[in-house]
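User: Could you take a close look at one part of this protein for me and walk me through how it is put together? I would like to follow it from a single residue outward.

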Amino acid sequence: MMRRLAAGNWKMNGTAESLGEAQALASDFPSPDCEILICPPATLLSRMAGTAAGTAIAVGGQDCHVNPSGAHTGDISAKMIADAGGTYVIVGHSERRSDHGESNAEIRAKAMATWSAGLAAIVCVGETQQEREDGRTIEVVRGQLEESVPDGATRQSTVVAYEPVWAIGTGKVPTLAEIAEVHADIRKELTARFGAEAQEFRLLYGGSVKPSNAQEIFGVPNVDGALVGGASLKADDFGMIVAELERA
Ligand code: PGA
């Protein structure tokens, strides 16, 4: 059985003083029943990996380039994330899709680049408010899954995060039935493609997960953890979410 995963996405937040949050989390959870991951900004990756060394906290990147090296000013590669001590890379986050116009094909290439560096990819999918209102949620998520999760994905190499765009950073959360419907469909689609092993892929829910709603979200079938933005920045809040995942 793969362990459930509590993943924190710090986005463009955090300087040296924030390392104390990772330290505090590590000391609160010396041997957690789930995996704990923090994806800090690239500038903190190496230092956070140092802080997390010897603890139960894993660190990861928030994005990577499709190539291992080259003339790509401002980008970093999965190989560099591995070199800095990362073990995961988030690919296809909706903020990358919208701010940087990333396509499904590019995200698939990034996931493969992540694997080539020996890391696991957290592939994000999710519909916009308009797509949900138009009744296209399942169709949109299926399309993203099909085109951005590469062939050859395994339970070790790949995590899928369902993050409705309209729920990210807004305090709005789908109903539990809506989360259940999408997660069941993701499981079904992955099973059709990858066979029985897909039962063990971790499927994360993301979008306004907080200590106050974590318990009910983790009770939804096929939710194997969370990708947490704002509430992952403080060890107290993220710790409460981790504790709910341990209990789930
Ligand atoms: P949020 O972000 O928890 O702040 O809504 C989630 C994410 O973007 O991964």
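Analyst: Happy to. Let's start with V89, which is buried, with a relative accessible area of 0%. Please keep in mind that this is a predicted model. V89 lies in strand β4, residues 88-91. The C-alpha atom of V89 is separated by 12 Å from that of V160, although their positions lie 71 residues apart along the chain.

From there we can turn to the strands, beginning with β6, which covers residues 158-162. Strand β6 runs parallel to β7, and four bridges join the two. Within this pairing, A161 stands opposite L204 of β7. The connection also involves a helix: β6, helix α8 (residues 176-194) and β7 make a right-handed β-α-β unit.

Strand β7 itself deserves a careful look. This strand spans residues 202-206, and five of its five residues are buried. In a regular strand the side chains alternate between the two faces of the sheet. For β7, one side carries R202, L204 and G206, while L203 and Y205 are on the other. Both faces of β7 are covered, and the residues on each side are all buried.

The pattern carries on with β8, residues 225-228. Strands β7 and β8 pair in the parallel sense, this time over two bridges. Here G206 stands opposite L227 in β8. Once more a helix completes the arrangement, as β7, helix α9 (residues 211-218) and β8 make a right-handed β-α-β unit. Strand β7 therefore takes part in two pairings, one with β6 and one with β8, if we read "pair" as at least two bridges between strands.

Further along the chain, A243 has its place in helix α10, residues 235-247. With 18% relative accessibility, A243 still counts as buried, because the cut-off for buried is under 20%. The C-alpha atoms of A243 and V123 are 24 Å apart, and these two residues are separated by 120 residues along the chain.

As a bench biochemist you may also be wondering about the cysteines. A disulfide is a covalent bond between the sulfur atoms of two cysteines. The structure holds zero disulfides. For C34, the closest cysteine sulfur is in C39, and at 14 Å it is too far for a bond. The sulfur of C39, in turn, has its closest cysteine sulfur in C124, and that 9.4 Å is also too far for a bond. C34 counts as buried at 1% relative accessibility, and C39 counts as buried at 0%.

Finally, let's visit the largest pocket. Rolling a probe the size of a water molecule over the atoms shows where empty space is left. In the largest pocket, about 480 Å³ of space is found. The lining is made by 20 residues, and A42, Q62, D63, R96 and H100 lie nearest the centre. Two or more residues of the lining come from each of α2 (42-52) and α4 (94-99). Helix α4 gives the largest share, three residues. By character, the lining divides into eight nonpolar, six polar and six charged residues.

Notes: Residues numbered from 1 in each chain as written. Predicted model: local features only at pLDDT ≥ 70, side-chain atom pairs only at ≥ 80, totals over all residues. Heavy atoms only, no water. Buried < 20%, exposed > 50% of the residue type's maximum accessible area, 1.4 Å probe, protein only. Right-handed = clockwise from strand over helix to strand, strands pointing away. 1 Å grid on protein atoms, 1.4 Å probe; cavity = no way out; pocket = protein on both sides within 12 Å on 5 of 7 lines; lining within 4 Å. Points joined across faces, edges and corners; volume = space filled by probe spheres on them. Nonpolar A, V, L, I, M, F, W, Y, C, P; charged D, E, K, R; others polar. Disulfide = S-S within 2.5 Å.
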